[in-house]
Amino acid sequence: MASQSPRRAPFIVIEGLDRSGKTTQTSRLYARLKETGTQANLIKFPDRTTTIGQMIDSYLRSASELDDRAVHLLFSANRWELASMIEKSLIAGTPVVCDRYAFSGITFSGSKVNSEGEPLLPFEWCRSPDIGLPAPDIVFFFDITPEKAKERGGYGEERYEKEEMQLRVRDSFHRIGREMGTTWVTIDAGRERDQVEQDVWKLVEPLVKEGVDGPVTKLWT
Ligand code: TMP
């Protein structure tokens, strides 16, 4: 009988709008995996620790200006810096939990508009530099209305944290979600933290326990 190839670990991505509790839930998921005996790798984009990440950080804090296309490519390059680490980790059986990924790259850059309200960068152009990155096995999209976000203290100080921008980003995430099919899970992030955590855990637990069949797939190929 042919020997079965070992199953690999899952790649779990959490995407979401600002004030959706995405970062808190990513940390909770990581901690819960650890408590239940699974050591995962936790990563976050933008990864502000690398040289590219520092350029992005400075841009987001409005400490520097960059061309819209240039900064989009930096965000993508920042992901490519970790692409082989992600793939190796999954093959070695260590799940990867990731706070934001290529979907943020497309939605945020694609939601930039000129003074007439027209998009500055075409959707397909925004997607192309991320084609071929390791594809997630599941994406949780943390959805929140601007009203709820306001109740939570409103948006922060960084460049994209403005209501009109967040509304466009939200529509764009919904569009990508429809294209992604079953890999994409929309989470109503306006609810109590514990409820949100339970919903995420219900889907992650079996995925981690059973593992994933087949090689790591590639985004949009
Ligand atoms: P953060 O608040 O999760 O650190 O994300 C920083 C900001 O960067 C957030 O407004 C979303 C934006 N962003 C992009 O514009 N493109 C990207 O590729 C990523 C990962 C984030």
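# Sheet, helix packing and ligand shell in a predicted model

Colleague: Which residue in E3 does Lys-44 stand opposite?

Modeller: This is a predicted model, and the statements that follow should be taken as describing that model. E2 and strand E3, residues 96-99, pair in the parallel sense over 4 bridges. Within E3, the residue that stands opposite Lys-44 is Asp-99.

Colleague: Which helix packs on the sheet, touching E1, E2 and E3?

Modeller: The helix in question spans residues 68-91 and touches strand E1 (11-16) as well as E2 and E3. Its direction makes about 145° with that of E3, and the helix concerned is H3.

Colleague: In what order do the strands of the open sheet come, and which of them stand at the edges?

Modeller: The open sheet is formed by 5 strands with parallel pairing, in the order E2-E3-E1-E4-E5. Each edge strand has a single partner strand, so one side of each is left without a neighbour in the sheet; the strands concerned are E2 (41-44) and E5 (184-188).

Colleague: By how much are neighbouring strands of this sheet turned against each other on average?

Modeller: The question concerns a sheet in which the pairing is parallel. With direction ignored, the average turn between neighbouring strands is 20°.

Colleague: What is the bridge partner of Ile-14 in E4, and which residue in E5 does Val-139 stand opposite?

Modeller: E1 and strand E4, residues 138-143, pair in the parallel sense over 5 bridges, and E4 and E5 likewise pair in the parallel sense over 5 bridges. For Ile-14 the bridge partner in E4 is Phe-140, while the residue in E5 opposite Val-139 is Trp-184.

Colleague: Are H3 and H4 roughly parallel or roughly antiparallel to each other?

Modeller: These two helices pack with their axes 10 Å apart, at an angle of about 170°. Since angles over 145 degrees count as roughly antiparallel, H3 and H4 are therefore roughly antiparallel.

Colleague: Which residues in H4 do Asp-68, His-72, Phe-75, Ser-76 and Arg-79 in H3 meet?

Modeller: By class, the residues of the contact of H3 with H4 divide into 2 nonpolar, 4 polar and 2 charged. On the H4 side, the residues met by those of H3 are Ala-102, Gly-105 and Ser-109.

Colleague: At what angle do H1 and H8 pack, and is the crossing right-handed or left-handed?

Modeller: Helix H1 (residues 22-35) and helix H8 (residues 193-210) have their axes 10 Å apart and pack at an angle of about 50°, which makes H1 oblique to H8. The contact includes Leu-29 and Leu-33 of H1 together with Val-200 and Trp-201 of H8, among others. As for the handedness with which H1 passes H8, the crossing is right-handed.

Colleague: Which helix gives the most to the shell around the ligand?

Modeller: The residues around the ligand include Phe-45, Pro-46, Ser-104, Gly-105, Phe-108 and Ser-109, and by class the shell has 6 nonpolar, 3 polar and 2 charged residues. With 4 residues, the helix that gives the most, spanning 102-110, is H4.

Colleague: Which residue does a cis peptide bond join to Phe-45, and which residue has a positive phi although it is not a glycine?

Modeller: Most peptide bonds are trans, and most residues other than glycine have a negative phi. The cis bond, with omega of about 0°, follows Phe-45 and leads to a residue in the loop between E2 and helix H2 (51-60), namely Pro-46. The positive phi, about 70°, belongs to a residue in the loop between E1 and H1, namely Arg-19.

Technical notes:
Residues are numbered from 1 along each chain as its sequence is written. This is a predicted model: local features need pLDDT of at least 70, side-chain atom pairs count only at pLDDT 80 or more; totals for chains, interfaces and linings use all residues. A residue is near a molecule or strand if its C-beta atom, placed from the backbone, lies within 6 Å of it. Ala, Val, Leu, Ile, Met, Phe, Trp, Tyr, Cys and Pro count as nonpolar, Asp, Glu, Lys and Arg as charged, and the others, Gly among them, as polar. Two strands pair if DSSP finds at least two bridges between them. Axes are lines fitted to C-alpha atoms, for helices over the stretch in contact, and angles run from 0 to 180 degrees between N-to-C directions. Two residues are in contact if their C-beta atoms, placed from the backbone, lie within 7 Å. Angles under 35 degrees count as roughly parallel, over 145 as roughly antiparallel, 65 to 115 as roughly perpendicular and the rest as oblique. A crossing is left-handed if the near helix is turned anticlockwise from the far one by less than a right angle, and right-handed if clockwise.
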